[in-house]
Each structure stands twice: as structure tokens, then as C-alpha cells.
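Let's take a walk through this model together, with your viewer open beside the text. At each stop I'll suggest a selection and tell you what is there.

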There are 2 protein chains.
Amino acid sequence: MEATRALARYVVESRYDDIPRGIRHEAARALLNWTGCAIGASRHEAVERALAALSEFSGPPQAGVLGRGERLDILHAALINGISSHVLDFDDTHALAIHPSAPVLPALLAFAEWRKTSGADLVHAFVLGVEAECRIGLSVFPEHYNVGWHITGTAGVFGAAAAAGKLLGLNEQQMTWALGIAATQSAGLREMFGSMCKSLHPGRAAQNGLSAALLASRNFTSSEQAIEAPRGFAHVLSTRFDPTVITRELGEHFELSSNMYKPYACGLVVHAAIDGCIQLRNEHNLKPESIARIDLKVCPIVLELTAKTTPQSGLEGKFSVYHAAAVAMIHGAAGEAQFSDACVRDPRVVALRERVTATADDTLAKSAVRVSIHLNDGRTLARHVEHALGTLQRPMSDADIEAKFRGLTDGILDGRQTDELIRLCWSVDTLPDAGEIVRRAQVSSLTLAPSPGGRGKTGSLLPPGEGPGMREGNH
Amino acid sequence: MEATRALARYVVESRYDDIPRGIRHEAARALLNWTGCAIGASRHEAVERALAALSEFSGPPQAGVLGRGERLDILHAALINGISSHVLDFDDTHALAIHPSAPVLPALLAFAEWRKTSGADLVHAFVLGVEAECRIGLSVFPEHYNVGWHITGTAGVFGAAAAAGKLLGLNEQQMTWALGIAATQSAGLREMFGSMCKSLHPGRAAQNGLSAALLASRNFTSSEQAIEAPRGFAHVLSTRFDPTVITRELGEHFELSSNMYKPYACGLVVHAAIDGCIQLRNEHNLKPESIARIDLKVCPIVLELTAKTTPQSGLEGKFSVYHAAAVAMIHGAAGEAQFSDACVRDPRVVALRERVTATADDTLAKSAVRVSIHLNDGRTLARHVEHALGTLQRPMSDADIEAKFRGLTDGILDGRQTDELIRLCWSVDTLPDAGEIVRRAQVSSLTLAPSPGGRGKTGSLLPPGEGPGMREGNH
């Protein structure tokens, strides 16, 4: 059977009981991790600016923005939560390059507030959405990614469409259309890395995928071979396509089993370097003043993605392996604080960053690094990290993810709210109403009661709009 | 200077006085033609289904749907008017393959209802939007189109962003971002031709381009070399890129001077065949019963795009050069009526359609055809059409466009409304408030007064929602 229809049929026919327990638990881990990221970034400038630009066009207050008080229509809520959950580059990553949760969960949680959805149904739809986006993404990987597509956006839209379509109860024909409507909205360029548009990609994927499912539910038609046709997604957006990746072992192998969570607030390719530096720092109680030079040997992709030698902003710092190594050595950490504008400009950091070198070594995998630290006293310390913390070989534990959640939500949620959210996420598959997660993730002082039959005064919550005019520096 | 910034600077610095009178008049022709198409298709199933799927998520009633009563937020209005204006395949076409008005005018007219905009400002922004989308499209043409991109969607989003950005008064930096945010949403597959998604493309381009400009106005950042960077739009979505096409003679040569309007309600590539058949039919008073065979020699692209031998629906009929020739011969016309489901299934049409052959002849241009009609009495009538009616060589007159408008709006608007709209379009550059055009294009019996401070009951206007379930026939 053709890939588009085979995938549609699988998603439509799958039953919750078919999902193994381990995969359901992985869904809860993904949910907790993702929710923390969205709340943690809920005051990020990208979120503020997107809300300032778009909220006056929002429909009824159907769904909440995590970590804030605004309630928007479900399409705008999916967009904004998609942006916030990815903007820190702290969300989950599938084995190769896709961030699976950021395009899918915003669509599902918005949906769950609009039409009451059980936690089990949400978990089920999420697992299927991840299956769709990862299999479609992998079927054109790596050529599709290498040419310049941001696969989290381009594949993510399929995930959101399949997941939302499952909750809408689409039949096979409609699910095929939903995938087609998703295919023809597939977009997102890697050229945007380092700008706010990177996080726009999963936001739009969530919004457009949800919209695709809604359109299909009203029998809005598309091609029925949208993925595999000679002018379909795969052939237009890639030079390689293996349709069996989409159809092989459907319902037996689950892509969510290859999901990873990040201990550090930046792109995965930098994690090994951070890990190696932190290990040596802690073992030898190193101070930056004692370090003459840090030499990194890294997988070539690391230099392709993160070779900014003189980052000017926190965001650019995430694309600098030099900065990452420097803060790991100075702070012993690489959280959001280490990728702030202030930290990127800190003279101590700048001074050490200038003493970091990185060279490509194609014998090293993406998750590996060889760190050599040359000390002023003539000694050299070396560390070979084969698998960075957070990889499938060295996964974060449930407790690690919970601790990460607490770190991200600290200062935004109060302690009771945090505890309650953690409890809701771990027990998501037992919840009668998954929308409860979003309601508990909103900040009550900003929460608006929707006026009956009317719109909440969403706009009034926003900071005064910034007028046209340039901002300095950070992009 | 780099193409993205050069284009942004041009759009920002252009003054209305710089636009030649002839180009302003061409803008009025495009506006009248486009408005007629949108009104004429305002009850099309694609429009009904999109409204049924999405209107409950619409924001405040800021802008009208042409030919109907609904008022939606400006982003949804841009989407729906973009769909309706393209769904008949009757809108304008730039020399090569782009439909320039459908992605740009919906964004501008929605904007004009939201923030009072003079007709001159609207014309100015439209001319600049067309300039942006056509130049960017041409810079990657034809490879970009040939690989499978629907250039009206992929390039159109730039046109909407540039045009809306002009009305928003973006500065050069913001306009550069607006083009970048557009670039990273560029999407639309030719695989969708023959389905409702084809018209979704300009709708989304209008919506996403408008949204890009709004985001940029709040300093939402993107890459600043979004078009020309190694991983930018041009290199990722095409194997060919000539940046000088974007920057050459900016402000001197205007792409709108290459705009064409269609006399027939289908893809341009079929027009020559229709034209030739109608000419021979009328000159020789031919009846289908007297015809043994119609042989067409056509440009190869005609068979690539419209080789459906047994169309099952009106929509598929538009992608059948055989059907087009048959109805031209039987009806002497090729309007919407000739591309209805009923006409496609009419036994007289089916019988003649089966006697039409088409063969590729690469000496023929897209706008040319050689028609040979073999009569049952043994005679053969031949006609070589070099330039079909509606081409730049044989353009539709102002009166032709006005007559087309009357045909499209017949039965939807009353006579006085039609006259008034025609007057408004021809005099658009003198209007103090261009939003007047949309208000006059709405059907008053369905018009809702927006409730003060609240939302119009948009939803209640819609036909009862169709539940999930398949429709027969036209996929």
C-alpha cells in the first residue's frame, strides 16, 4: 500500500491498548519535559513579540498559554505554545534531528481544552503523532535536512495533523487528506537558526497541522499520495526517499522509544563538549585562570551548526561550541542562565572562550567529543566522552527530568502548582480531562475568566506594544 | 547589496508618485478581475468547507468575506478570500506561472478594513507586493516550478508580506525580517493540483504573509539573508537562482505590466485549445454530431498539466484539455458552467471528449495550439492559434474584464451593487477608504453588525456542519 494511505490507516485503526506500557511512560516523560520548557520560556522575547503581534486577531478564549494568563483560540494557542516550548532549544530530540514534542503537544493540549479529552486519548494521539512525524522525517533523512530544511517544522506538521486527526476521529479518507494538507504546508529553513523564526517553525507546524486535521474533518480535499507521489513531499523536498521507513513495523516499533531529553539548554550537538568540560572541571576543581587552552575534537556537524566564535547574544551563544565549553568550565552548568545575553558578554567568559579551539574529526559521533585542557602549569587533561548525558545510551532519569522541570518553572509557578503539575504529567494516562494540565500550567494572577459568549480581553494582558523601530544586537 | 535587503529597501523607500500611471491602471484591472473571481466562487465547496472548519476559531469581525456575509479576523479573512479567488482557476496570471493577485489582495483588503487605508496606498502596496513575489519567483524559475513547487504559494507569501509590510510602515530592518519570516513559511506542492489544496496555497500565502509583516512590525526576528543565503529560500527550494532578477531595474520595470487575465475558467495552458475550437465552431457553425475527431497539437506542458482523459468532477475537468476542447465546441464557451460536475458528466460532452486527441509538439508555445477538426463528411478544418485571447499579445480589454466581472457576480450581487463595485475598482486610486470595496462586495442579507466589544456570531451563518464521512466522487 502507498505510504500516505498506509500511515493514515494505521493512525485511524490504532487502539490505545496497542501502545506498550513503556511507550506510554515515555509519553509522560516527554510531556513533563515539554511542559517545563514551555513554561520556562513563557516570558521569552519571542513569545512576547508573537503575542503582541497576533493576539488581537485571536478568536474565543478556548485554550491557555502555558506559564501565562492569556487564553486564545486553539490555533493561536498551539502557535504560541509551540514557539515557547522550542525557543530555549531545551526540548526533546529524536535520535536524529527532529524535536518531536514541540509541534505535536501544543496542538493536542489546545484541543483538549476545547473538546474534553481523556489523558489516555491524549497520550495515544501523541504517540501516533510522533510516529507520523518521525517516520516521515526519517524517510527523507539526512538529505532533506542537509539541503537546509528544519525537519522539526517540515516533518512536525504531519505529526500535529495525525495527532489532532486522531482526536477528531477522522476516518481513513479524511486522515489521508489531513496528511496531504499537512504536506502542502510543510516549511521551515535552517537558515533561520539563530533567529526567532527557529521556534516559529514548531509553532506553525502545530498550528497548521491542527488546522489540517480540522479542514480534513470537513472534507477539505488534498492529493491522496501527498508523501510519495512524484511531485509529493518526499521528492520535492528531498533527493532521497525510502517509503518503507514509513510503513515498516508500524504498531510494533515506536519512534518514541528513541526520544532524548536535554540536560543542557542548547543544541544537542554541543552536549558532549559541555559534558566533557564539566567532568574535568569537577574532577580537577579547575578554575578558568589556570587554563591556557581548551582543544575540542568534534564531529564535523558540530562545526557546521555551532561555529560562532564571537556570539553577541544569548541566542547566538547557543550556536557557539566555544561559548558552551567556556561556560561549562566556568559555571559547571549550561542552563538558560549560561545562555543569557549577560553571560555571553561577561568578560571572564569572553576571555576563556577565546582560548577554546574546535576541530572536526570525522571518526567522532555527534554525541561524542575529545576534550584536551592545557593548563598554565604545563599539564594536559584529556577526556573522551563517547555518549553525552541525555543520549539514549546515558538517558536522563525520571528524577533528572523532574529536577529539570523544577529548574525551568522556578520563579514562574509556585511550589504547590509545580508539584501538582508534576503529578498530573506522571499520571497523565489516568486523567479524565487532560485539559487540566494546561489550566494548572497557567499563572493565576493573569488568568482571565472568559466572558460568557464573548471574548476575554486577551489584548489587555499584553505589555504595551513596541512600535516599529530596531532593536540592537541580538540576532 | 544582497537581494533580500535590496528588495526590502526598495519596498520601504518607494513612493506612490514613483508608480507609472499605466501600472496604476493595471492594478485597477487586476483588482476588478480578482474581486469578481472571489465573489464568483464565494459559494464554492472549498470555501464552505474551510469556513465550516475554521470560523469558530476566528477573532473579532474585522474584515469581510467577499460575496458573503461573514466577517472574520483579518488573518482568517485573508485566508478565505485567498481560497475563493483562486479556486475557479480564473484569476490573473503573470507571464510565466504565478497568480499574482490571489496571495496579495486578500491580505491588503483585510488590512484596509482593519486600519483605514486609502485606495492609493492600497494600489501602491499591491504593485510592490506583485513586484516582490514575481521577482523572487522568477529568480528561481523554471527549476523551482519544475521540481514540483506551486509558485503561487511559495512566492506569493513574499508578495503578501511585502505589501502588508508597506501598509504597516515597516522600516528597512523590519521589512527584511518580514521577507525572512515569509521565506520560512514558503510552501505549496503542485501535487495538490486537482484538489482543494490548490486554492489553499494562495489563501495561506496571504494569511502567512500578512502574519509575517505583523510579526516583523513587533521586531520578531529572522535571518537577514533569507532569500540568497546558502540555506535560504532560493538554494533550498531550487537548483537555479539568479539574484539579479530580484534587483535589476527595481522601480523602473514593473512586473504588473506582464499580468494577464483569463477569459476561460481554467488553467492558462488550455486556453489556446479552447480559443481555436471556439473560432472554428463559430466560423463554420459546427455541431458536435458532425465531428468525427478533434486533434490538438499542444505545447508539452499542456499534457503534463492537463492530461486527464476521463475527468470525474468539474474540478478535474479543468485539468483535462480533452474536456476543454469538447465544451468549447459544444457550448462555444468555457466559463464556470462548463466546468461543473454536471457538464463533465453530460453524455454529449463525454461522447465528444472521447473523440479528442492531444499530442505534444515542442515547437509550440504554451499559448499556442494547432487544431484539426475532422468532420464526418470527410472535410478537415484547421486553425493555428499563435496567441490565445488573454495573453499579453491579445489582452482582454477593460470592457472584457468588466463583462467577466458581471458574469461572475451574476446571481450573487444585485445589479446596483455590481455597478457600484465596478465603479469603486476603476477609481480605486481616488478612494479615501479602500475598505469600502470589501463592504460593498458583501451580501447584505447575510451581513452581521458586529456586536460592540464582542464577536459577531459568525458561526451561525454557516450551513450546518458536515460530520466526518466521505463524499462520493470528487475526492
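Start by selecting residues 446-475 of chain A, where pLDDT stays under 50. For this stretch the model has 57 contacts beyond four places in sequence. Please keep in mind that everything on screen is a predicted model, and read those contacts with the low scores beside them.

Now color the whole of chain A by pLDDT. Its average is 92, and 93% of the residues score at least 70. For the model as a whole, ipTM is 0.87 and pTM is 0.87.

Next, show chain A alone as a cartoon. You can trace 22 helices and eight strands. Turn the chain about to see its extent: the C-alpha trace spans about 70 × 50 × 45 Å along the principal axes. How does the radius of gyration of chain A sit beside that of a compact globule? For 475 residues, such a globule would have a value near 23 Å; chain A has 22 Å, so the two agree.

Stay with chain A and look inside. Buried residues make up 61% of its 475 residues. If you draw the contacts with a separation of 6 or more, 79% of them join residues 24 or more positions apart.

Time to bring chain B back into view. Select the residues where the two chains touch: 64 residues come from chain A and 63 residues from chain B. On the chain A side, highlight α3 (45-54), α4 (74-87), α10 (172-183), α11 (197-217) and α12 (233-237), the elements that each give two or more residues to this surface. Which of them gives the largest share? That is α11(A), with eight residues. Color the chain A side by residue type and you will find 28 nonpolar, 25 polar and 11 charged residues.

For the next stop, superpose the chains. A turn of 180 degrees, with a shift of 0.0 Å along the axis, lays chain A on chain B with an RMSD of 0.1 Å. Why 180 degrees and no shift along the axis? That is the relation of a two-fold axis. Both copies use the same surface, as 98% of the contact residues of chain A recur in chain B.

Finish by selecting A:Gly59 and centering your view there. Of the residues of chain A, A:Gly59 comes closest to the rotation axis, with its C-alpha at 1.7 Å. From here you can look at both chains about the axis that relates them.

Terms used:
Residues are numbered from 1 along each chain as its sequence is written. Chains are lettered from A and ligands numbered from 1 in the order in which they are written. This is a predicted model: local features need pLDDT of at least 70, side-chain atom pairs count only at pLDDT 80 or more; totals for chains, interfaces and linings use all residues. Helices (H or I, at least four residues) and strands (E, at least two) are DSSP runs, numbered from the N terminus. The radius of gyration is taken over C-alpha atoms; the globule rule is 2.2 Å times the number of residues to the power 0.38. A residue is buried if 20 or more other C-beta atoms lie within 10 Å of its own, exposed if 12 or fewer, and partly exposed in between; C-beta atoms are placed from the backbone. Two residues are in contact if their C-beta atoms, placed from the backbone, lie within 7 Å. Ala, Val, Leu, Ile, Met, Phe, Trp, Tyr, Cys and Pro count as nonpolar, Asp, Glu, Lys and Arg as charged, and the others, Gly among them, as polar. Copies are superposed by least squares on the C-alpha atoms of residues with pLDDT of at least 70 in both. pLDDT is the predictor's confidence in each residue, from 0 to 100.
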